[in-house]
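Here's a quick briefing to read with the model open beside you. The topics are burial, strand pairing, aromatic contacts and a pocket.

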Amino acid sequence: MNQERTSNTSELLILVLLRFKGIKEKVIATFRERAQRSSSDKVKVASISSVAMKEEGSDIVEVRLKNQTQDELETLLKGEVLSFKEQSWMDMKGVFIFSPINSNVTVMFPSGAGVEVRAISGFLSVSVLLPELFQNKTEGLLGVMNNDREDDFTMRNGTQLPSSATPQEIFNFGADCKYGQKHIDLTNFYWHKYCNKYGNINITEVL
């Protein structure tokens with residue numbers, strides 16, 4: 001698979017897009033290319049550098065590694081950094097944020113959906129937690145929540161790749177999950193992409 005990418009490449013991809021009975025939720029991640037040592041060689045890998053989430057009517061929350069540290073997270077609400085020094089939880093507009101330690105942040109929404117972000121050795125681990133009522137209502141990089149691996153690689157045009165898809169087909173599926181105007185309604189979101197020293201994409205709500 002010959003896909004040329006620069007070392008500073010960042011991609012904004014949809015992890016989960018959910019629509020169900022008036023509930024709309026988006027979980028979006030910034031993937032950044034980085035060098036990782038494997039045995040005696042350095043290889044390029046794509047890892048999550050930040051994740052943003054929002055449910056219909058809620059504030060937007062972004063979680064990212066703080067200053068590229070190994071195990072400390074930074075949480076932003078509508079682009080402003082939050083501090084959990086005085087208390088470990090915050091109840092904001094349509095969203096509850098819990099951070100008992102600086103390497104772990106849990107975000108919960110009224111629908112019961114949640115996102116847990118952990119910093120582990122310089123990487124972000126992201127878990128999307130969804131109640132059973134969202135069965136078959138999700139799309140995006142994490143696939144359809146229905147315990148059927150055969151439809152996880154479903155593209156926006158309805159094309160369903162088999163679980164035995166080739167690396168090139170999987171790459172195309174990932175590219176199909178890019179967050180952009182041609183893909184979904186962006187009336188509740190605005191993102192400002194710029195080159196800073198961390199190569200992150202900042203996502204800010206403007207409503």
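A residue counts as buried when its relative accessible area is under 20%, as exposed when that value is over 50%, and as partly exposed in between. Keep in mind that this is a predicted model. With that cut-off in hand, look at strand 4 (residues 61-65): five of its five residues are buried, so the strand is largely enclosed by the rest of the structure.

**Strand 4 and its surroundings**
- Strand 4 pairs with strand 5 in the antiparallel sense, over five bridges.
- In that pairing, Arg64 stands opposite Glu74 of strand 5.
- Arg64 also comes up in a contact with Ser50: their C-alpha atoms are 4.2 Å apart in space, while 14 residues separate them in sequence.
- Ser50 itself belongs to strand 3, which covers residues 41-55.
- Ser50 has a relative accessibility of 1%, so it goes down as buried.

**Aromatic pairs**
- How many aromatic pairs does the structure hold? There are two.
- Trp89 and Phe96 make a stacked pair, because their ring planes sit at 15° with the centres 6.1 Å apart; planes under 30 degrees apart count as stacked.
- Both partners are partly exposed: Trp89 has 41% relative accessibility, and Phe96 has 31%.
- Phe153 and Phe173 go edge-to-face, because their planes are at 65°, with 5.2 Å between ring centres; the cut-off for that label is over 60 degrees.
- Phe153 is in strand 13 (residues 153-154) and Phe173 is in helix 1 (residues 167-176), so this pair ties together parts that are 20 residues apart in sequence.
- Phe173 is buried, because its relative accessibility is just 2%.

**The second largest pocket**
- The second largest pocket holds about 310 Å³ of space.
- Its lining is made up of 15 residues, and the closest to the pocket centre are Glu72, Leu73, Leu82, Ser83 and Phe84.
- What is the lining made of, in terms of nonpolar, polar and charged residues? The split is seven nonpolar, four polar and four charged.
- Strand 5 (73-77) and strand 8 (95-101) each supply at least two residues of that lining.
- So strand 5 turns up twice in this briefing: it contributes to the pocket lining, and it pairs with strand 4.

How values were computed: Residues are numbered from 1 along each chain as its sequence is written. This is a predicted model: local features need pLDDT of at least 70, side-chain atom pairs count only at pLDDT 80 or more; totals for chains, interfaces and linings use all residues. Side-chain values use heavy atoms; hydrogens and water are left out. On a 1 Å grid over the protein atoms alone, a cavity is a set of points where a 1.4 Å probe fits but cannot get out, and a pocket is an open set with protein on both sides within 12 Å along at least five of seven lines; lining residues have an atom within 4 Å of a point. Grid points are joined across faces, edges and corners, and a volume is the space filled by probe spheres set on the points. Helices (H or I, at least four residues) and strands (E, at least two) are DSSP runs, numbered from the N terminus. Ala, Val, Leu, Ile, Met, Phe, Trp, Tyr, Cys and Pro count as nonpolar, Asp, Glu, Lys and Arg as charged, and the others, Gly among them, as polar. Buried means under 20% relative accessible area, exposed over 50%, partly exposed in between (1.4 Å probe, protein chains only). Rings of Phe, Tyr and Trp (its six-membered ring) pair if their centres lie within 6.5 Å; planes under 30 degrees apart count as stacked, over 60 as edge-to-face and the rest as tilted. Two strands pair if DSSP finds at least two bridges between them.
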